Amino acid sequence: MPESKIHFDRVCLEYPKNGNKSGLRFARTPRPNGQSTLVLENIDLEIETGEFVSIIGHSGCGKSSLLKIVAGFVRPTGGSIWIDGRPVEGPRADHMFVFQEGALFPWLTILKNVSLALNSARDQADRIKMARQYLELVSLEAYEDYYPHMLSGGMRQRAELARALAARPDVLLVDEPFSGLDYLTRLQMREEILYLHMMLEKTTILFVTHDIDEALQLSDRVVIMSGPPGRLQSCRPICVAHPRQLSSSVLDEMRSDIYHQLGVHAAL
Ligand SMILES: Nc1ncnc2c1ncn2[C@@H]1O[C@H](COP(=O)(O)OP(=O)(O)OP(=O)(O)O)[C@@H](O)[C@H]1O
Ligand SMILES: [Mg+2]
């Protein structure tokens with residue numbers, strides 16, 4: 001039985017080429033005439049409890065598909081995926097939470113949004129009290145009565161983060177959460193997520209990003225995917241204490257190596 005938190009064992013995924021609109025449920029069924037697209041090929045990966053792992057790769061190489069497999073939204077067509085030594089057979093709300101833009105309910109205040117995610121609280125008063133604590137963590141306590149549309153993009157992202165963390169997930173799956181934000185807000189969000197990960201040290205984070213500096217600043221390990229079809233190209237641990245100086249020689253070397261592996265030479 002696998003002992004790591006998340007264990008990928010030769011995970012493969014094929015989608016039917018002229019797939020259906022409802023899509024994901026039928027990913028398992030290759031076309032009888034072989035009309036399918038190989039999206040992920042033989043992914044082997046071990047992720048430990050509390051690790052912060054970033055996944056980087058070109059558009060279309062299967063990063064989001066990989067996260068959907070971990071979340072149990074999509075079943076691999078080959079191999080298997082395990083969490084806590086048990087095979088993933090579907091979404092498990094108690095164990096993980098996918099945090100992405102647009103996940104807040106627009107008709108609820110952010111306090112209500114966060115309190116809804118609190119499965120553990122005993123009664124309504126407890127929920128509200130705890131929800132306020134999570135809003136404080138992301139410095140939004142003064143905005144608890146605001147609806148999502150009344151917040152700026154960065155504030156909405158912080159509210160999403162508060163809501164995701166309120167669910168106390170064992171595993172947090174994060175798919176390009178800051179891609180719509182301006183540069184300064186992204187920098188703030190990096191600090192925010194790092195601080196929260198330090199506070200909740202048992203939470204394992206899988207973080208898809210196109211931003212190499214984001215990955216270098218946040219992660220314990222960077223996984224680089226090649227493809228399509230998505231394959232694991234390399235895994236690099238980042239053994240540098242936080243807070244990190246992005247201009248240090250160690251991270252400079254890693255940045256160049258990652259660009260090189262991605263075949264992006266203009267940035268070097
Ligand atoms: N439901 C689906 N049905 C058929 N093909 C799909 C489906 N979802 C994704 N794909 C295909 O799988 C491949 C990988 O998609 P995926 O969204 O995982 O890529 P990605 O690495 O997250 O890309 P990006 O960086 O642009 O978000 C693409 O070729 C895409 O067309
Ligand atoms: Mg994607």
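This section describes strand pairing and burial in a predicted model.

Strand E7, formed by residues 171–175, is largely enclosed by the rest of the structure, because five of its five residues are buried. In a regular strand, side chains alternate between the two faces of the sheet. In E7, both faces are covered. Val171, Leu173 and Asp175 are buried on one side, and Leu172 and Val174 are buried on the other. E7 pairs with strand E8 (residues 204–208) in the parallel sense, over five bridges. Within this pair, Leu173 of E7 stands opposite Leu206 of E8. The connection between E7 and E8 passes through helix H5, which spans residues 183–199, and the resulting β-α-β crossover is right-handed.

Strand E9 has pairings with strands E3 and E10. With E3 (residues 52–57), E9 (residues 221–226) forms a parallel pair held over five bridges. By contrast, E9 and E10 (residues 231–237) run antiparallel and are joined by six bridges. Val222 of E9 has a counterpart in each of these strands: Ser54 stands opposite Val222 on the side of the E3 pairing, while Arg236 is the bridge partner of Val222 in E10. E9 and E10 form a hairpin with four residues between the strands. In this hairpin, Gly227 takes a positive phi near 125°.

Note on methods:
Residues numbered from 1 in each chain as written. Chains lettered and ligands numbered in written order. Predicted model: local features only at pLDDT ≥ 70, side-chain atom pairs only at ≥ 80, totals over all residues. Pairing = 2+ DSSP bridges. Helix = DSSP H or I, 4+ residues; strand = E, 2+ residues; numbered from the N terminus. Buried ≥ 20, exposed ≤ 12 C-beta atoms within 10 Å, placed from the backbone. Right-handed = clockwise from strand over helix to strand, strands pointing away.
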